[in-house]
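Hi everyone, thanks for making time for this. Have a look at the structure on the screen, and I'll walk you through a few parts of it.

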Amino acid sequence: MSERRNIPPVNRVAVDVGGTFTDIVLLQGNQQYSAKVLTSAEAPERAVIAGIDEVLSQAALDFSAIDLLILGTTLATNALIERKGARTALITTAGFRDLVEIGQEDRFAQYDVFLQKPRPLVERQWRFIVEERIDAQGTIRIPLNEAQVVALASELKTLKIESLAIGYLQSFINPQHEQRTAEILRDLLPGVTISLSSDVCPEIREYERLSTVCANAYVQPLVAGYLQRLQQQLSARGLRVQPYLMTSGGGITTLQQGIDEPVRLVESGPAGGAILASNIASQLKLPKVLSFDMGGTTAKICFIDHFQPQISRSFEFGRVHRHQKGSGLPIRIPVIDLVEIGAGGGSIARIDNLQRLQVGPDSAGSAPGPVSYNLGGELVTITDANAQLGLLDPASFAGGKVELNVDKAALALAQQVGQPLGLGTDEAALAVTEIIAENMANAARVHASELGKQVDSYTLVAFGGAAPLHAARLASKLGIDRVVIPHAAGVGSALGFLWAPVSYQAVRSFYQRLDNPNFTVINALLAALSEQAQRIVHQADTSAEVLLERHVYLRYAGQGHEVPIAIEHDIFDQHGVSTLHQRFTETYRQLYGRSLDHVAVEAISWTVTASTPAPAIAFPAPAHEAQTSPSTTPRELYSLQQQRRIEVPVYSRAAINLAGKQAGPLLVVDEETTTLVDELFAVSSTPEGHLVLERHSLAGGTQ
């Protein structure tokens, strides 16, 4: 772990805008105040302001007292998945108009005769070409046809294009033509936002680069408008500091950087959850942790080894087939390597044409929401099933923001699930929760297989509004023996934002063979990337020490994929080449069980990550003491193990702290979430206030 800053701001606020709920956390010293409010999809800033108002009121503060504000948002993610972005056009090199549709020219499901490929973000009629050509060495072969660019301006204006992506061949090595095109069109189309592939993704592989710049352009007007409106409203209420934004790579950045490159915000919420799980792992000395974040719309699963989540250079969004790699559209940005599926409290259950129960990936969201919200929702969701099973307190759900109508949920479950399958209402609700648990378990198994990991050797860390309800069942399906429910689990991702450093990763593709490197050019490239990354970090934090990490992506000559290797020396020289070659060989053998010592090694891309030390923040204590004994009213719930309704005790987290280890079945209730401890587990509390669920074989009982 990196060195930590020792003097954090006094009043720190983090906001995670989810698809269903917006979570807000205020830390005042070691005291925590939190809130959940329904996300206002049409104007997300409303929920952000309302939530901050609520936690400030709890702490008797106003906006001017905030010393640090970090925002995470699913706005870009939802716009991409739901195809609700801007009216976007693409300009590319003549002859390559259909590259975003051709993709890799492969089939992600080789034998599926009904295979459907993901639809590009930019439709064909809005893709345009310009004569120009730069070769792989950066030499101009065909000059940019500026007359064609000028002529395109009037056509784009007629089409009412709102955002423009520009991606030419080889622009990662020479961006001159892209920059000149943007210069011309900014004068002729003043109201149109413009994204350049040489800025957003200066790397080889035209398909991934074009897909990334299209995604950036597609969400830019939406995200920019939201962030600008939010900043204006925050300033009007007296906020005196510039807000930070959480990025998909696990760092925070400036508001302006989020406006310029909103594609880096696509997985910002899940990144906060992974950071929280990493800190839990470090605090409890757990070298292998499986992070499980389940909210109202999605569930996210991430493997964390030795207290660090794995960072990837790419991911897919909008997969046509939920678990099929290659069935989505690629985005090349730094991102915490996790898998996300449509499995949240609002995920909709239905019976398909083959009379099978399906749950998700579509969600009822916050409007109209689940049936039990009583806000007009008519389709059964996981929340409705949990309410029917007795796992939720109708009066205190989401901190009392939503009073659940269990009778209405029961009627919908009976009609939509129970009657078609010949099940009673309780059995129908149990079937919904079992299907979603299996979906999540399957996603974890697939992800573990792709990464070469043994999932049953990990500890499950579960957080988010819905995860603690499903964590024990998911652990049982995966063969996991220990589950940790962190303090403030219901707002875990927002809390994780506060541990994030300010960071930025700069990248550039530059081909070199290690047996004949150009040291002068390589060192100049690394210096330029370092300057770019440090400049952006200093815009957010001018006084902090900046740490640099440099990597090169290596492969054997002729291969299609690279392996990242750290560059440990300040100056890249012959000694550095020998060290890189040796470490690449060792890493390749670990990954693939062999090395190709007779084949030359190629360097493809170079990255420099600048970051500040992680802030030193202790886990907060609750602002108010919770009850210290079991609830006077036990809860009746439906037991999976016993297949009948049973009465179970209800504890507050503080009561578990005092009572010591307790065998399930029981419920532990927090302000923002509820933890189900079933018959297979016992629960205890750590000194830090985290719940630990252990199978009876580990906890001292019998299974």
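Let's begin with Leu90: its bridge partner in strand S9 is Ala165. Please keep in mind that this is a predicted model. The pairing belongs to a wider set of contacts, with 5 bridges joining strand S5, residues 88-93, to S9, and these two strands run parallel. Another pair along the way is Ala89, which stands opposite Leu164 in S9.

Now look at the other neighbour of S9. Here 4 bridges join S9 to strand S10, residues 193-196, and this pairing is parallel too. Ala165 turns up again, standing opposite Ser195 in S10. To get from S9 to S10, the chain passes through helix H5, residues 176-188, and this β-α-β crossover is right-handed.

So how are the residues of S9 placed, buried or exposed? In S9, residues 163-167, 5 of the 5 residues are buried, so the strand is largely enclosed by the rest of the structure. Ser163, Ala165 and Gly167 point one way, while Leu164 and Ile166 point the other way, and all of them are buried.

Let's step back to the whole sheet. In what order do its strands come? The order is S6-S5-S9-S10, which makes an open sheet of 4 strands with parallel pairing. Strand S6, residues 127-130, and S10 stand at the edges with a single partner strand each, so one side of each has no neighbour in the sheet. From one strand to the next, the twist averages 20°. As a quick reminder for anyone new to this, strands of a sheet pair through backbone hydrogen bonds, either parallel or antiparallel.

Which helices go with this sheet? Helix H4, residues 146-158, lies across S5, S6 and S9, and runs at about 160° to S6. H5, our crossover helix, packs on the sheet as well, touching S5, S9 and S10. The direction of H5 makes about 175° with that of S10.

From here, H5 and S10 lead us on to a pocket. They are among the elements that each supply at least two residues of the lining of the second largest pocket. Others that do so include helix H7, residues 206-236, and helix H15, residues 519-540. This pocket has a volume of about 530 Å³. How many residues line it? The lining has 30 residues, and Asp199, Gln257, Asp260, Glu261 and Tyr504 lie nearest the centre of the pocket. The largest share, 5 residues, comes from strand S25, which spans residues 503-513.

Finally, some backbone details. Most residues other than glycine have a negative phi, and most peptide bonds are trans. With that in mind, find His306, in the loop between strand S14 and strand S15. Its phi is near 55°, a positive value. Ala488, in the loop between strand S24 and helix H14, has a positive phi as well, near 60°. Are these two residues buried or exposed? His306 is exposed, with a relative accessible area of 61%, whereas Ala488 counts as buried at 7% relative accessibility.

And one last stop: a cis peptide bond joins Gly664 and Pro665, with omega at about 10°. You'll find Pro665 in the loop between strand S33, residues 662-663, and strand S34, residues 666-669.

Thanks for listening, and I'm happy to go back to any of these places on the screen.

Notes
Residues numbered from 1 in each chain as written. Predicted model: local features only at pLDDT ≥ 70, side-chain atom pairs only at ≥ 80, totals over all residues. Heavy atoms only, no water. Buried < 20%, exposed > 50% of the residue type's maximum accessible area, 1.4 Å probe, protein only. Pairing = 2+ DSSP bridges. Right-handed = clockwise from strand over helix to strand, strands pointing away. Axes fitted to C-alpha atoms, helices over the stretch in contact; angles between N-to-C directions. Contact = heavy atoms within 4.5 Å. 1 Å grid on protein atoms, 1.4 Å probe; cavity = no way out; pocket = protein on both sides within 12 Å on 5 of 7 lines; lining within 4 Å. Points joined across faces, edges and corners; volume = space filled by probe spheres on them.
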